[in-house]
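This report describes a ligand site and a set of residues in one protein. The sequence and the structure come first.

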Amino acid sequence: MSNNMSYDPNNIFAKILRGDIPCKKIFENDHVLAFHDIHPQAPIHALVIPKGAFVDYADFAANASDVQSAAFTKAIGEIAKLLGAHEQGYRLISNCGVNAHQEVPHYHVHILAGRALGPMLSGK
Ligand code: AMP
């Protein structure tokens, strides 16, 4: 775990990591957990989270170890394959902070796939 003082240990993904609330698990290793999004925006909508206490992408980029960074990147590729998402293509999204409408303050990457996903951004 990092020592980030702004990390809220009661956020919903921290509770999932502790096993306090359930998730529909897809993949897990020493560094990474992946599960299905509770409100899917596409036929395939997975969330990939590091096990360390990182608030967002900026926190992870600045403070994750090389091992954590490499494990996270590789896991996303593996999970996309596990889900069959890589065959027709997929989109990765990580909302970071207020302007991106990040809802859960534990770093995560969305994997979206299973249909044509349209333009990258919906509005102005
Ligand atoms: P973001 O806006 O990038 O922070 O996205 C947070 C995502 O977490 C949303 O897509 C939610 O549907 C999803 N979510 C919230 N609570 C849960 C939960 N308990 N299990 C799975 N996904 C969740």
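The sections below cover the basis of the model, the ligand and its shell, and then individual residues.

## Basis of the model

This is a predicted model, in which local features need pLDDT of at least 70 and side-chain atom pairs count only at pLDDT 80 or more, whereas totals for chains, interfaces and linings use all residues. Residues are numbered from 1 along each chain as its sequence is written, and side-chain values use heavy atoms, with hydrogens and water left out.

## The ligand and its pocket

The space that the ligand takes is the largest pocket. A pocket is found on a 1 Å grid over the protein atoms alone, as an open set of points where a 1.4 Å probe fits, with protein on both sides within 12 Å along at least five of seven lines. A molecule sits in a pocket if more than half of its atoms lie within 2 Å of the grid points of that pocket.

Which residues come nearest to the ligand? Of the 16 residues around it, these are D37, N95, E103, H108 and H110. A residue counts as near if one of its heavy atoms lies within 4 Å of the molecule.

## Polar atoms facing the ligand

Two side chains in this group have an N or O atom facing an oxygen atom of the ligand: for N95 the distance is 2.9 Å, and for H108 it is 2.8 Å. The backbone also takes part, as a polar backbone atom of I38 is 3.1 Å from a nitrogen atom of the ligand. The protein covers 87% of the 510 Å² of accessible area that the ligand has on its own. Accessible areas come from the Shrake-Rupley method with a 1.4 Å probe, and for residues only the protein chains shown count as cover.

## Make-up of the shell

Helix α1 (12-18) and strand β2 (32-36) each supply at least two residues of the shell around the ligand. The largest share, three residues, comes from α1. Helices (H or I, at least four residues) and strands (E, at least two) are DSSP runs, numbered from the N terminus.

By residue type, the shell divides into seven nonpolar, seven polar and two charged residues. Here Ala, Val, Leu, Ile, Met, Phe, Trp, Tyr, Cys and Pro count as nonpolar, Asp, Glu, Lys and Arg as charged, and the others, Gly among them, as polar.

## H110 and H45

H110, one of the residues that come nearest to the ligand, lies in strand β5 (residues 109-113). Its side chain joins that of H45 through a polar contact of 2.8 Å. A polar contact is a pair of N or O atoms within 3.5 Å; within protein, one must be able to donate a hydrogen and the other to accept it, and residues adjacent in sequence count only if both atoms are side-chain atoms.

H45 is found in strand β3 (residues 44-50). A polar atom of the H45 side chain also lies 3.0 Å from the backbone nitrogen of Q41. Are H110 and H45 buried or exposed? H110 is buried, because its relative accessible area is 12%, and H45 counts as buried at 5%. Buried means under 20% relative accessible area, exposed over 50%, and partly exposed in between (1.4 Å probe, protein chains only).

## The loop between β4 and β5

C96 lies in the loop between β4 and β5, and so do H101 and Q102. Strand β4 spans 90-93. C96 counts as partly exposed at 32% relative accessibility, H101 is exposed at 65%, and Q102 counts as buried at 19%.

H101 has a positive phi of about 60 degrees although it is not a glycine. C96 and D56 are 40 residues apart in sequence, with a C-alpha to C-alpha distance of 5.6 Å. Q102 and E87 are 15 residues apart in sequence, and their C-alpha atoms are 28 Å apart.

## H36 and V48

H36 lies in strand β2 and counts as partly exposed at 35% relative accessibility. V48 is in strand β3 and is buried, with a relative accessible area of 0%. These two residues are 12 apart in sequence and 8.9 Å apart in space, C-alpha to C-alpha. H36 and E87 are 51 residues apart along the chain, and 19 Å separates their C-alpha atoms.

Terms used: On a 1 Å grid over the protein atoms alone, a cavity is a set of points where a 1.4 Å probe fits but cannot get out, and a pocket is an open set with protein on both sides within 12 Å along at least five of seven lines; lining residues have an atom within 4 Å of a point.
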